[in-house]
Amino acid sequence: MAITGAAELLAAWETGLGEAPVGRALLLHRAARPDVDVSRLPAVPVGEREADLFALRRALFGERMQVRLECAACGQDMEFDLDAGELAGSLGGRGEQVVRVQEGGWDVEFRLPGIADLEAAARSADPRTALLARCLVSAARGGSPVAGPELPATVQHRIAEAVEAADPGADLVLDIACPECGAATRAELDIASYLWTELDAWARDVLLDVHLLATAYGWSEPEILALSPTRRRYYLELCADV
């Protein structure tokens with residue numbers, strides 16, 4: 001992964017200000033995977049996308065992620081750390097795009113869902129059925145192809161198991177024990193939202209740096225952004241000493 005420069009990150013942030021969370025997540029994924037055509041990104045399996053975003057987070061802001069969570073039992077605020085690099089390595093799937101399930105005479109091939117599939121299914125009156133219809137590649141019963149099948153519950157269950165095994169990062173759930181009362185709290189970690197919050201804070205800090213250095217030295221924004229963070233900080237310290 002190429003680490004995106006400050007100017008490119010600021011441009012992505014500026015574009016994302018006018019986007020809904022879905023659009024912001026796509027911008028972040030594009031920064032994480034510049035090697036993939038942007039039109040293909042919404043079809044990337046969800047767990048693979050999550051792994052990409054954790055890897056981007058590690059490249060931009062380091063491995064340590066601080067998370068705050070409220071205990072569901074006693075309301076105590078809990079703080080704990082996650083390792084972005086470790087999560088990036090553990091969430092990626094086996095590289096499969098399609099899983100195969102054989103159950104009760106059925107032979108089914110099912111494509112791992114991407115974000116676009118989940119969004120489209122969520123707009124349906126029956127999201128589960130809509131997702132099955134979108135991602136079903138082929139289905140045969142007793143060796144004969146079946147068009148638009150009503151899959152039995154047992155087959156659907158096996159498909160869900162196969163998808164979870166092939167794309168384990170698609171549903172990242174934290175199970176944290178409260179140090180105060182000992183109860184466990186389960187919560188989903190939305191890495192796209194987490195990373196966008198960090199990027200937003202970073203961008204505003206960088207723009208403040210640009211303002212201060214431009215005022216002090218008359219430099220342009222591209223000239224200031226071309227400075228390394230260390231040199232930029234040193235010049236800001238000199239400004240403060242004047």
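**Exercise 1. Find where Gly 169 lies, and decide whether it is buried or exposed.**

Solution. Start by locating the residue: Gly 169 sits in the loop that runs between helix H7 and strand E7 (173-177). Since this is a predicted model, the values used here and below are computed from predicted coordinates. Next, take the relative accessible area of Gly 169, which is 1%, and compare it with the cut-off for buried residues, which is under 20%; Gly 169 is therefore buried. Then look for its partners: leaving out residues up to four places away in sequence, Gly 169 touches Gly 47, Glu 50 and Leu 91. Finally, a distance can be read off for a residue further along the chain, for the C-alpha atoms of Gly 169 and Asp 190 are separated by 11 Å, with their positions 21 residues apart in the sequence.

**Exercise 2. Work out which residues of helix H6 are buried and which elements they pack against.**

Solution. Helix H6 covers residues 127-135, and its buried residues are Ala 130, Leu 131, Leu 132 and Cys 135. The second step is to ask what surrounds these buried residues, and the answer consists of strand E4 (106-111), helix H5 (115-122), strand E5 (136-141) and helix H7 (153-166). One residue of H7 can be followed in detail, namely Gln 156. With a relative accessibility of 19%, Gln 156 counts as buried, because the cut-off is under 20%. Apart from residues up to four places away in sequence, Gln 156 touches Arg 128, Leu 132 and Leu 151, and Leu 132 is one of the buried residues of H6.

**Exercise 3. Describe the surroundings of Pro 149.**

Solution. Begin again with the place in the chain: Pro 149 belongs to the loop between strand E6 (144-145) and H7. Its relative accessible area is 16%, so Pro 149 is buried. When residues up to four places away in sequence are set aside, the residues that Pro 149 touches are Trp 106, Leu 136 and Ala 139. To finish, consider a C-alpha distance: Pro 149 and Ala 133 are 16 residues apart along the chain, and their C-alpha atoms are separated by 9.0 Å.

**Exercise 4. Which residues does Ala 88 contact, and which does Asp 209 touch, beyond four places in sequence?**

Solution. Ala 88 is part of helix H4 (residues 84-91), and at 17% relative accessibility Ala 88 counts as buried. Once neighbours within four places in sequence are left aside, Ala 88 is in contact with Ala 51, Phe 54 and Ala 55. By way of a distance, the C-alpha atoms of Ala 88 and Ala 139 are separated by 33 Å, and these two residues lie 51 residues apart along the chain.

Turning to the other residue, Asp 209 lies in helix H8 (residues 191-217), and with a relative accessible area of 19% it is buried. Not counting residues up to four places away in sequence, Asp 209 touches Arg 232 and Leu 236. From Asp 209 to Glu 221, the separation is twelve residues in sequence and 9.7 Å in space, C-alpha to C-alpha.

**Exercise 5. Explain why Cys 181 and Cys 71 are not joined by a disulfide.**

Solution. A disulfide is a covalent bond between the sulfur atoms of two cysteines. The cysteine sulfur closest to that of Cys 181 is in Cys 71, at 3.7 Å, and because a pair must be within 2.5 Å to count, this distance is too far for a bond. The count for the protein comes to zero disulfides. As for accessibility, Cys 181 has a value of 41% and so counts as partly exposed, while Cys 239, at 24%, also counts as partly exposed.

**Exercise 6. Decide whether the protein is more spread out than a compact globule.**

Solution. First note the elements of the fold, which are ten helices and eight strands. The radius of gyration is 23 Å, well over the 18 Å that the globule rule gives for 242 residues, so the protein is more spread out than a compact globule. Its C-alpha atoms fill a box of roughly 80 × 50 × 30 Å along the principal axes. Buried residues make up 38% of the 242 residues. Last, among contacts between residues at least 6 apart in sequence, 60% join residues at least 24 apart.

Definitions and conventions. Residues are numbered from 1 along each chain as its sequence is written. This is a predicted model: local features need pLDDT of at least 70, side-chain atom pairs count only at pLDDT 80 or more; totals for chains, interfaces and linings use all residues. Side-chain values use heavy atoms; hydrogens and water are left out. Helices (H or I, at least four residues) and strands (E, at least two) are DSSP runs, numbered from the N terminus. The radius of gyration is taken over C-alpha atoms; the globule rule is 2.2 Å times the number of residues to the power 0.38. Buried means under 20% relative accessible area, exposed over 50%, partly exposed in between (1.4 Å probe, protein chains only). Contact means heavy atoms within 4.5 Å.
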